[in-house]
Structures are given as structure tokens and as C-alpha cells.
Amino acid sequence: MNAIYLTDLALLYFPHSTPRSAVSQLRRWVDLNSELQQRLTELHYQKGQRALTPLQHAAFVEFLGEPGE
């Protein structure tokens, strides 16, 4: 898994949304998933972070599934 921008990941999950709306929706999903929040905290994810590390990206996929599923 490669590093990815949060906006790009959000658009994969919400392809019919604007970039801003997609990021807002993805952040809402994170807020509703306490296990994902915990894992991202362990991986040093910071609110407002634009680029995700490969491990942070993998955590999103682990808890939310592959985009488009």
C-alpha cells in the first residue's frame, strides 16, 4: 500500500462527491468508528493531516473495506 492524500482516498469512497464533501463524509465515518479512531491514534494520525502514511491508509481499508465494495 502506498502513501495517499486524504482527499484522494475520500474520493475513492465517495466518487460522486466534491473533494470537500468527500473528505467531510470520510471524517464523519472515522468519528463514528471508535476502533478506527484508536488505530489511527496509534499510528500518529493528526486531525488536519493531508497525506496518509501507508500504515494509516491500510487502517482505513482494514476498518472501512476497500473503496468501491
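In the predicted model, helix α4 contributes Gln56, His57, Ala59, Phe60 and Val61 to the set of buried residues. The cover over these buried positions of α4 includes the strands β1 (4–5) and β2 (51–52) together with the helices α1, α2 and α3. Just after α4, the backbone of glycine 65 adopts a positive phi of about 85 degrees.

Phe60 of α4 also belongs to the largest nonpolar core, which comprises 18 residues and in which Leu6, Leu9, Leu26, Leu40, Leu52 and Phe60 have the most contacts. At least two residues of this core are supplied by each of α1 (6–13), α2 (19–32), α3 (34–42) and α4 (54–64). In soluble globular proteins, nonpolar side chains tend to be buried together. Among the core residues with the most contacts, leucine 9 touches His57 and Phe60, and also Ile4, Leu26, Leu52 and Pro67, when residues up to four places away in sequence are not counted.

Helices α2 and α3, which each supply at least two residues to the core, likewise each provide at least two residues of the lining of the largest pocket. This pocket has a volume of about 220 Å³, and of its 13 lining residues, those closest to the centre are Arg27, Val30, Asp31, Tyr45 and Lys47. The largest share of the lining, five residues, is drawn from α2. By residue class, the lining of the largest pocket consists of seven nonpolar, three polar and three charged residues.

Note on methods
Residues numbered from 1 in each chain as written. Predicted model: local features only at pLDDT ≥ 70, side-chain atom pairs only at ≥ 80, totals over all residues. Heavy atoms only, no water. Core = buried A, V, L, I, M, F, W, Y, C linked by side-chain atoms within 4.5 Å. Buried < 20%, exposed > 50% of the residue type's maximum accessible area, 1.4 Å probe, protein only. Helix = DSSP H or I, 4+ residues; strand = E, 2+ residues; numbered from the N terminus. Contact = heavy atoms within 4.5 Å. 1 Å grid on protein atoms, 1.4 Å probe; cavity = no way out; pocket = protein on both sides within 12 Å on 5 of 7 lines; lining within 4 Å. Points joined across faces, edges and corners; volume = space filled by probe spheres on them. Nonpolar A, V, L, I, M, F, W, Y, C, P; charged D, E, K, R; others polar.
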